[in-house]
Amino acid sequence: METQRTEAKPVGPLASFVRFVVCGGGVGVLSSAAVPLLALLMPWAAANAVITVASTILCTELHALFTFGTGGRAGLRRHLQSAGSATAAYVVTCAAMFVLHSVQSSPSLVREQAVYLGASGLAGIGRFLVLRLFVFAGRKETAAAAVRPVHGSRVHHSDLLLAR
């Protein structure tokens, strides 16, 4: 008995960017509200790290399912790869907040939010490029796996020609 594999339909760059902004931006806005609240209980950098980890896990799943049209969940490999771009985003947001606090000793919450969201937006563009071009890019091994014969079936020469 053969099982039919559903192939994910590729998502174009513009559509995936819009989906990335909606998914990532929505989680980013929620994260920007959560960081200063959590920073009341711990240092700002630690609060940012906790929220960054949680939001990265959530966003990686959303991007696998919706943004890049992979047709499935992200899996450990993609989560680990995505963590690299999230680490860069964490450094960018921390650096932006460090600069803000160096320039202004007690910035308002609104100013902190503006700086944080601006830095997150810039980091988000970089993350989109990394995720689209490397993490969620189509892999040749996946295409090759789709044409492997099922046990008990016969392989014909014409089948092998299609696999090229």
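From the N terminus on, the elements of the chain follow the order α-α-α-α-α-α. In this predicted model, the secondary structure thus amounts to six helices and zero strands. The chain has 164 residues, and 29% of them are buried. Contacts across the sequence are well represented: of those between residues at least 6 apart, 67% join residues at least 24 apart. The chain exposes about 10,800 Å², and carbon and sulfur atoms supply 69% of that area.

A good place to begin the tour is helix α4, which spans residues 109-135. Its buried residues are Glu 112, Tyr 116, Ala 119, Ala 123, Gly 124, Arg 127, Phe 128, Leu 131 and Val 135. The spacing of such a list can be read with a simple rule in mind. An α-helix has 3.6 residues a turn, so residues three or four places apart point the same way. The cover over the buried residues of α4 includes α1 (13-38), α2 (44-67) and α3 (75-103).

One of the residues in α3 shows how such packing looks in detail. Thr 93 lies in this helix, and it counts as buried because its relative accessibility is 4%, under the 20% limit. Leaving aside residues up to four places away in sequence, Thr 93 touches Trp 44, Asn 48, Tyr 116, Ala 119 and Ser 120. Tyr 116 and Ala 119 also appear among the buried residues of α4.

The interior can be followed further through its nonpolar cores. The largest has eight residues, namely Phe 20, Ala 64, Phe 68, Ala 74, Phe 128, Leu 131, Val 135 and Phe 136. Helix α4 gives the most to this core, with three residues. A second, separate core has seven residues, including Val 35, Leu 38, Ile 51 and Met 97. Within the largest core, Phe 20 offers a helpful view of the surroundings. Not counting residues up to four places away in sequence, Phe 20 is in contact with Gly 25, His 63, Thr 67, Phe 68, Gly 124, Arg 127, Phe 128 and Leu 131.

Aromatic rings are another thread to follow. A pair of aromatic rings is described by the distance of the centres and the angle of the planes. The structure holds five aromatic pairs. In one of them, Phe 17 and Phe 128 meet edge-to-face, with 5.0 Å from centre to centre and 80° between the planes. This pair links distant parts of the chain, since Phe 17 belongs to helix α1 and Phe 128 to helix α4, 111 residues apart. The two partners differ in their exposure: Phe 17 is partly exposed, with a relative accessible area of 32%, whereas Phe 128 counts as buried at 7% relative accessibility.

Another pair is formed by Phe 68 and Phe 136, whose ring centres are 5.1 Å apart and whose planes lie at 15°, so the pair is stacked. Here, too, distant parts of the chain are linked: Phe 68 is in the loop between α2 and α3, Phe 136 is in the loop between α4 and α5 (140-145), and the two are 68 residues apart. Both Phe 68 and Phe 136 are buried. Ring pairs join Phe 17, Phe 20, Phe 68, Phe 128 and Phe 136 into a cluster.

The outer surface also has a nonpolar feature. Phe 17, Val 21, Leu 122, Ile 125, Leu 129, Val 130, Leu 133 and Phe 134 make a nonpolar surface patch of about 770 Å². The elements giving two or more residues to this patch are α1 and α4, and α4 gives the most, with six residues. Leu 133, placed in helix α4, is exposed because its relative accessible area of 54% is over the 50% limit. Helix α4 thus has a part in both settings, as the leading contributor to the largest core and to the nonpolar patch.

Charged side chains complete the picture. Side chains of opposite charge can pair when their charged atoms come close. A search of the whole structure finds one salt bridge. It is formed by Arg 73 and Glu 61, with the closest N and O atoms 3.0 Å apart. The pair links distant parts of the chain, with Arg 73 in the loop between α2 and α3 and Glu 61 in helix α2, 12 residues apart. Arg 73 counts as exposed at 64% relative accessibility, while Glu 61 is buried, with a relative accessible area of 13%.

Key: Residues are numbered from 1 along each chain as its sequence is written. This is a predicted model: local features need pLDDT of at least 70, side-chain atom pairs count only at pLDDT 80 or more; totals for chains, interfaces and linings use all residues. Side-chain values use heavy atoms; hydrogens and water are left out. Buried means under 20% relative accessible area, exposed over 50%, partly exposed in between (1.4 Å probe, protein chains only). Helices (H or I, at least four residues) and strands (E, at least two) are DSSP runs, numbered from the N terminus. Contact means heavy atoms within 4.5 Å. Accessible areas come from the Shrake-Rupley method with a 1.4 Å probe; for residues, only the protein chains shown count as cover. Patches are made of residues with over 30% relative accessible area and no salt bridge: like charges are joined within 9 Å, nonpolar side chains (Val, Leu, Ile, Met, Phe, Trp, Tyr) within 5 Å. A salt bridge is a side-chain nitrogen of Lys or Arg within 4 Å of a carboxyl oxygen of Asp or Glu. A nonpolar core is a set of buried Ala, Val, Leu, Ile, Met, Phe, Trp, Tyr and Cys residues joined through side-chain atoms within 4.5 Å. Rings of Phe, Tyr and Trp (its six-membered ring) pair if their centres lie within 6.5 Å; planes under 30 degrees apart count as stacked, over 60 as edge-to-face and the rest as tilted.
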